Amino acid sequence: MGDAASSDTVPVQDAAPGFPASPPTSRQDAMLRGPLLKPLLQLALPTTVVLIAQSLVGVAENWYASFLGTDALAGVSLVFPVVMLMTMMSNGGIGSGVASAVARALGANRRDDADALVWHAVVLALGIGLAFSVLAWMTGPALYTLLGGREGALDAALQYSNYVFAGSIPFWLVNLLAAALRGAGEVRVPALVTLVGAAVFLVVTPAVIFGFGPVPALGLAGAGLAMTLFYVGAAIWLLRYMASGRATVRLAKGPVEARLLRDILRVGLLTAVSSLQPNLMVMVITGAVGLFGVEALAGYGMASRLDYLIIPILFGLGTAVLTLVGTNVGAGQYERARRIAWLGGGLGFVAAGAIGLAAALAPEVWLHAFSREPAVVAPGLDYLRIVAPFYGLLGLGFVLAFAAQGAGRVLWPFLAGTSRLVISAGAGWFVAARLDAGLSALFAMVAAGLVAYAGVTVVAVLAGAIFRGETAPRGT
């Protein structure tokens, strides 16, 4: 079945102005045959670099806002969870559905379907992006008030939010088009667009916030406007590039087919819901830690920031595994897809486990970068000594979940995330709030949640619940 990809060679053509020429050999052919580690790393590294760059842009934006005062900084903080929700749903939720559907279509040599899926991604981006804009404008005042916004902070949040969510449609377009390219194994172009855009964003943002020459000072509205302009520019570039015929998958307007929407949404919808679970878990755990006082909350916050440092690495690795697994499942090469899943999961285990082991053995190195106050550092020490040794299991479960998305089977990763939520947040809250068992018991429940998270996904792969060729026909 893997031979089907031999006809999927991208022809060499003269490059359109401003667009790089496609490589002379098929990306799918390389993904369907030969060594596994090299294509896995080639797909993972650009995405990882982009995610790190995006994290730095977020830090820089907060830094710029800090010069406008406490209300401005609080306003950005109020909007941040909603922006993160949209990011996770577009990148890791519906975006995973797009990438998985494109990868499986190309693996099955259904190039017409792969191209048509790009247009369906655009349709979804237009609809969902518009919904986010309308909901943000209609519910923003009530939502930010519920999150604690008052007076100046609330005004700042609304000012920033209105401009940010004015760009919801280009935001979704960029992320879903990038997902389609990732599913086709073309990761350098979206990475280049994001990196160039991030560099421009870092320069433009302070100019529109504080004013520069003929540019008026727009304050916090300038930060939101800069973000919207970035996504408008990136969306226009990607739309032109993918419509030019130079991309591995081509954008062309066509009829909307229910079967192709289903192919995206059967992975994307449940994955989007799954992406909400970690945020809900963190909110509940943070509330439970808060019962022990402000020092405990500060210490936990310092220690748990290390968790977020691991995510860009795992997400980059996971999206690469998704593409490789989806391509091979599409071609009917289930055993190779299974090997890719275990290889990626092993790499995730080693990468996250190494960081966790270092943090558990020398937690002061991380914590003292934020504070040296004993009452604040002590809860952080407990967290890292109890939870960090299990980071490897987070890496294993996280990447195997992306492998399941590539295979088009997302129920078990959802159940794995649910088990983690129930144990870490539910049982954690119970032992902290009802049993008065202390922070160590709460953190033990967080660690137990990671064991369950990895355990469910590992058992699902071993039991054949994800890579079952006989129940997943070629091209589905």
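## A guided tour, starting at an exposed loop residue

Begin by selecting Asp436, which counts as exposed because its relative accessibility is 63%, and exposed here means a value over 50%. Keep in mind from the start that the model on your screen is a predicted one. Asp436 sits in the loop between α15, which covers residues 411-434, and α16, which covers residues 439-462. If your viewer can report backbone angles, look at phi of Asp436, which is near 50 degrees and therefore positive, although the residue is not a glycine. Most residues other than glycine have a negative phi.

### The whole chain

Now clear the selection and show the whole chain as a cartoon, in which you will find 16 helices and 0 strands. Turning the model around, you can follow a C-alpha trace that spans about 65 × 60 × 35 Å along its principal axes. Does this agree with what a compact globule would have, or disagree, and why? For 476 residues, a compact globule would have a radius of gyration near 23 Å, and the chain agrees with this because its own radius of gyration is 23 Å.

Next, switch on the surface of the chain, whose accessible area comes to about 19500 Å², with 71% of it belonging to carbon and sulfur atoms. Of the 476 residues, 53% are buried. If you colour the charged residues, you will see 27 positive and 22 negative charges, and the mean positions of these two groups are 9 Å apart. As for contacts, when you consider those between residues at least 6 apart in sequence, 82% of them join residues at least 24 apart.

### A second positive phi

Select Asn109, which belongs to the loop between α3 and α4, where α4 covers residues 111-146. Like the residue at which the tour began, Asn109 is not a glycine and has a positive phi, in this case near 65 degrees. Is Asn109 buried, partly exposed or exposed? Its relative accessibility is 31%, so Asn109 counts as partly exposed.

### Into helix α3

Move to Ser100, which lies in helix α3, a helix that runs over residues 70-107. Ser100 counts as buried because its relative accessibility is 0%. Show the side chain of Ser100 and draw a distance to the backbone oxygen of Gln405, which this side chain reaches at 2.7 Å. If you then display the residues around Ser100, leaving out those within four places in sequence, the contacts are Val267, Leu322, Gln405, Gly406 and Gly408.

### Along helix α2

Which residues are in contact with Thr47, once its neighbours within four places in sequence are left aside? Select Thr47 in helix α2, which covers residues 37-66, and you will find Arg182, Val187, Phe315, Gly316 and Thr319 in contact with it. With a relative accessibility of 9%, Thr47 counts as buried, because the cut-off for buried is under 20%.

Stay in helix α2 and go on to Ala65, which is also a buried residue, at 2% relative accessibility. Setting aside neighbours within four places in sequence, Ala65 is in contact with Ala72, Leu73, Val76 and Leu220. To get a sense of distance across the model, draw a line from the C-alpha atom of Ala65 to that of Leu260, which is 195 residues away along the chain and separated from it by 42 Å.

### Across to helix α8

From Ala65 you can step over its contact with Leu220, a residue that lies in helix α8. Leu220 is buried, with a relative accessible area of 3%. Not counting residues up to four places away in sequence, Leu220 touches Ala65, Leu68, Ala72, Val76, Ala156, Gln159 and Tyr160. Leu220 and Leu270 are 50 residues apart in sequence, and their C-alpha atoms are 35 Å apart in space.

### Two last distances

For the last stops, select Gly254, which is found in the loop between α8 (220-243) and α9 (258-290). Gly254 is partly exposed, with a relative accessible area of 29%. Where is Ala116 in relation to Gly254, along the sequence and in space? The two residues are 138 residues apart in sequence, while their C-alpha atoms are 7.2 Å apart.

Finish with Leu126 in helix α4, a partly exposed residue with a relative accessible area of 39%. Leu126 and Leu265 lie 139 residues apart in sequence, and the distance from C-alpha to C-alpha is 15 Å.

Definitions and conventions. Residues numbered from 1 in each chain as written. Predicted model: local features only at pLDDT ≥ 70, side-chain atom pairs only at ≥ 80, totals over all residues. Heavy atoms only, no water. Helix = DSSP H or I, 4+ residues; strand = E, 2+ residues; numbered from the N terminus. Rg over C-alpha atoms; globule rule 2.2 N^0.38 Å. Buried < 20%, exposed > 50% of the residue type's maximum accessible area, 1.4 Å probe, protein only. Contact = heavy atoms within 4.5 Å. Areas by Shrake-Rupley, 256 points an atom, 1.4 Å probe, with all protein chains shown as cover. Lys, Arg positive; Asp, Glu negative; His and termini not counted. Charge placed at Lys NZ, Arg CZ, Asp CG, Glu CD. Polar contact = N/O pair within 3.5 Å; in protein donor to acceptor, adjacent residues only side chain to side chain.
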